[in-house]
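Trainee: Hi! Could you walk me through this one? I'd like to ask things as they come up.

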Amino acid sequence: MAIKVIGLIELTNSAAFEQYRSQVGQTVAQYKGSIEHRGVITEVFWNELACKPFSAFVELHFPSKEDARAWAHSPEYQSLVAIRNQTMNLTLFGVAI
């Protein structure tokens, strides 16, 4: 079963984000994934779950839950977490499709 991984992003440092963004795609590809969409949030219609503010999103695609999990916990991605933490607040979750 294919998995979409959705990230809700609140950017905190745009300059450092470019460093993260230039490297993260390689880690996704190593684990059979792809970056399907990236974008800026234009409007939140409802926020009944009281999510923290977010200004952007990313949608990744993986062939399986195991591939998505392997990527998220991989040494390659974990090496970017320190940079990520300097650039954004992130909520990341998987969706079975």
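Trainee: How many nonpolar, polar and charged residues are in the lining of the largest pocket?

Mentor: This is a predicted model, so keep that in mind throughout. In the lining of the largest pocket, 17 residues are nonpolar, two are polar and three are charged.

Trainee: And what volume does that pocket have?

Mentor: The largest pocket comes to about 310 Å³. Its lining holds 22 residues, and those closest to the centre are I9, F17, R38, F57 and V58.

Trainee: Which elements give two or more residues to that lining?

Mentor: Those are β1 (3-11), α1 (14-30), β2 (34-40), β3 (56-62) and β4 (88-96). The most comes from α1, which supplies seven lining residues.

Trainee: Nice. Let's stay with F57 for a moment. Where does F57 lie, and is F57 buried, partly exposed or exposed?

Mentor: F57 lies in strand β3. Its relative accessibility is 25%, so F57 counts as partly exposed.

Trainee: Why isn't 25% enough to call it buried?

Mentor: Because buried means under 20% relative accessible area and exposed means over 50%. F57, at 25%, falls in between and is partly exposed.

Trainee: What is F57 in contact with, leaving aside neighbours within four places in sequence?

Mentor: With those neighbours set aside, F57 contacts G7, I9, H37, R38, G39 and I41. Among the residues closest to the pocket centre, you met I9 and R38 alongside F57.

Trainee: How far is F57 from A15 and from Q26?

Mentor: C-alpha to C-alpha, F57 and A15 are 17 Å apart in space, with their positions 42 residues apart in sequence. For Q26 and F57, the separation is 18 Å in space and 31 residues in sequence.

Trainee: What about Q26 itself: buried or exposed?

Mentor: Q26 is exposed, at 55% relative accessible area. Q26 sits in helix α1, the element that gives the most to the pocket lining.

Trainee: Changing topic: which residues have a positive phi without being glycine?

Mentor: K32 is one of them, with phi near 70°. A50 is another, with a phi of about 55°.

Trainee: Where are K32 and A50 found?

Mentor: K32 is in the loop between α1 and β2, while A50 is in the loop between β2 and β3. K32 counts as exposed at 58% relative accessibility, and A50 counts as exposed at 63%.

Trainee: What does K32 touch, not counting residues up to four places away in sequence?

Mentor: K32 touches H61, F62, P63 and D67. Take P63: K32 and P63 are 31 residues apart in sequence, and their C-alpha atoms are 6.9 Å apart in space.

Trainee: Okay, now T87. Where is T87 placed, and is T87 buried or exposed?

Mentor: T87 has its place in helix α4, residues 81-87. T87 is buried, with a relative accessible area of 0%.

Trainee: Which residues is T87 in contact with, apart from its neighbours within four places in sequence?

Mentor: T87 is in contact with E10, L11, T12, N13, A16 and F17. You may recall F17 from the pocket, where F17 is among the residues closest to the centre.

Trainee: Let me zoom out. How many helices and strands are there, and in what order do the elements run?

Mentor: The protein has four helices and four strands. Starting at the N terminus, the order is β-α-β-β-α-α-α-β.

Trainee: Among contacts between residues at least 6 apart in sequence, what share joins residues at least 24 apart?

Mentor: That share is 80% in this protein.

Trainee: And why does the radius of gyration agree with a compact globule?

Mentor: Because a compact globule of 97 residues would have a radius of gyration near 13 Å, and the protein has 13 Å. The C-alpha trace spans about 30 × 30 × 20 Å along its principal axes.

Trainee: Last one: what percentage of the residues count as buried, and what is the accessible surface?

Mentor: Of the 97 residues, 34% count as buried. The accessible surface is about 6200 Å², and carbon and sulfur atoms account for 55% of it.

Methods: Residues numbered from 1 in each chain as written. Predicted model: local features only at pLDDT ≥ 70, side-chain atom pairs only at ≥ 80, totals over all residues. Heavy atoms only, no water. 1 Å grid on protein atoms, 1.4 Å probe; cavity = no way out; pocket = protein on both sides within 12 Å on 5 of 7 lines; lining within 4 Å. Points joined across faces, edges and corners; volume = space filled by probe spheres on them. Nonpolar A, V, L, I, M, F, W, Y, C, P; charged D, E, K, R; others polar. Rg over C-alpha atoms; globule rule 2.2 N^0.38 Å. Buried < 20%, exposed > 50% of the residue type's maximum accessible area, 1.4 Å probe, protein only. Contact = heavy atoms within 4.5 Å. Areas by Shrake-Rupley, 256 points an atom, 1.4 Å probe, with all protein chains shown as cover.
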